[in-house]
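Colleague: I would like to go through this model with you. Could we begin with the strands and then turn to the interior?

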Amino acid sequence: MTAAPARATQNDGTYPRPQLVRPAWTDLCGAWDFAVDADDAGLAERWYEPGSAAFDRTITVPFPPEAQASGVGETGFLGVVWYRRTVAAGDVPALGCGNGTGTDTGASCTLLNFGAVDHSCDVWADGRLVGSHTGGQTPFTLDLTDAVRRADGGDLTLVVRAVDDPLDVAQPRGKQDWQVDPHAIWYDRTTGIWQPVWLETVPRCTSSASRGRRTWPPRPCASRSC
C-alpha cells in the first residue's frame, strides 16, 4: 500500500506558505551582502555580476534596512538598494525532487519566491537577469530552472536591485512617511526585501493555491527547457 502524502497540517511550520507542501525547498532568509546605491550607479557599474566589490555590508533578510533587526538600521532616504547571496550547491534544491524522482528528468522546475520587495526590483542569477517585479505588497515567483542547469551543480549567486522612491506620490505607500523623519501618524519607510525569500523545486506542471482557490489547468513553468 502506498503511503499517504504529507499534509500541510503536518509540516513543522518553517515553510513560508503553510497551506502548501514542498518536499524540496531552501530558506534564503538570513545574511545577504548589501549596499545602498546613493547615486544609482549600480546598473552602469554592473553590480549584478557575481564578483562585484560594491557590497560593503551585511543585512539580515527579511528585515528591511530601516529596521534595527536587519543589522543596518538606516531610516533616511535610501532610494536604491542591492542584495547579494551565494547559494551553495548543496542548498540548491535538486531538479527532479519536485517530481519525486531525485534526478533531472526535465519534469521539474526550480522557483525563486519573494514574499514582497518594496517597491520595484530586478533579479539576477549568476549575472543574468531572470526577472523583474513592481508592487511592494505582493508576492512573486521567478523561474530559475535554466540558471540552475547552467550552474551544473555549482554555487548560484543571486542579486536583487530594489528601488523605492519615497517622493513618488503615485506609488502606494500605506503609512510610510515621505519626510526624512516620521511625523504625525506616519511611520519609517520599508525599502527592499521585507518578506521571506526561498527556493523550491516543483513539478513542471503544477497548480497554485491561494485563499482556497486553485488555478486550472495547472500552469507550466516559464522555462522552455524544463
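Modeller: The following exchange covers the sheet, one serine and the cavity.

Modeller: This is a predicted model, in which local features need pLDDT of at least 70 and side-chain atom pairs count only at pLDDT 80 or more, while totals for chains, interfaces and linings use all residues. Residues are numbered from 1 along each chain as its sequence is written, and side-chain values use heavy atoms, with hydrogens and water left out.

Colleague: What is the strand order in the open sheet?

Modeller: The order is β3-β2-β4-β10-β7-β8, six strands with antiparallel pairing. Strands are DSSP runs (E, at least two residues) numbered from the N terminus, and two of them pair if DSSP finds at least two bridges between them.

Colleague: Which are the edge strands?

Modeller: β3 and β8 (128-134), each of which pairs on one side only. On average, neighbouring strands of this sheet are turned by 25° against each other, direction ignored; the axes are lines fitted to C-alpha atoms, and angles run from 0 to 180 degrees between N-to-C directions.

Colleague: How many bridges join β2 and β3?

Modeller: Five bridges, in the antiparallel sense, between β2 (residues 30-36) and β3 (residues 57-61). Trp32 has Ile59 as its bridge partner in β3, and Gly30 has Val61.

Colleague: And how many to β4?

Modeller: β2 is joined to β4 (residues 79-87) by four bridges, and the two run antiparallel. Ala35 stands opposite Trp82 in β4.

Colleague: Changing topic, where is Ser120?

Modeller: Ser120 lies in strand β7 (residues 120-125).

Colleague: What does Ser120 touch, leaving out residues up to four places away in sequence?

Modeller: Ser120 touches His133, Thr134, Arg161, Ala162 and Val163, where contact means heavy atoms within 4.5 Å. Ser120 and Gly136 are 16 residues apart in sequence, with 6.6 Å from C-alpha to C-alpha.

Colleague: Now the interior: what volume does the largest cavity have?

Modeller: About 70 Å³. A cavity is a set of points on a 1 Å grid over the protein atoms alone where a 1.4 Å probe fits but cannot get out, and lining residues have an atom within 4 Å of a point. Points are joined across faces, edges and corners, and the volume is the space filled by probe spheres set on them.

Colleague: Which lining residues are closest to its centre?

Modeller: Of the ten that line the largest cavity, Asp164, Pro166, Gln171, Arg173 and Gln176 are closest to its centre.

Key: 1 Å grid on protein atoms, 1.4 Å probe; cavity = no way out; pocket = protein on both sides within 12 Å on 5 of 7 lines; lining within 4 Å.
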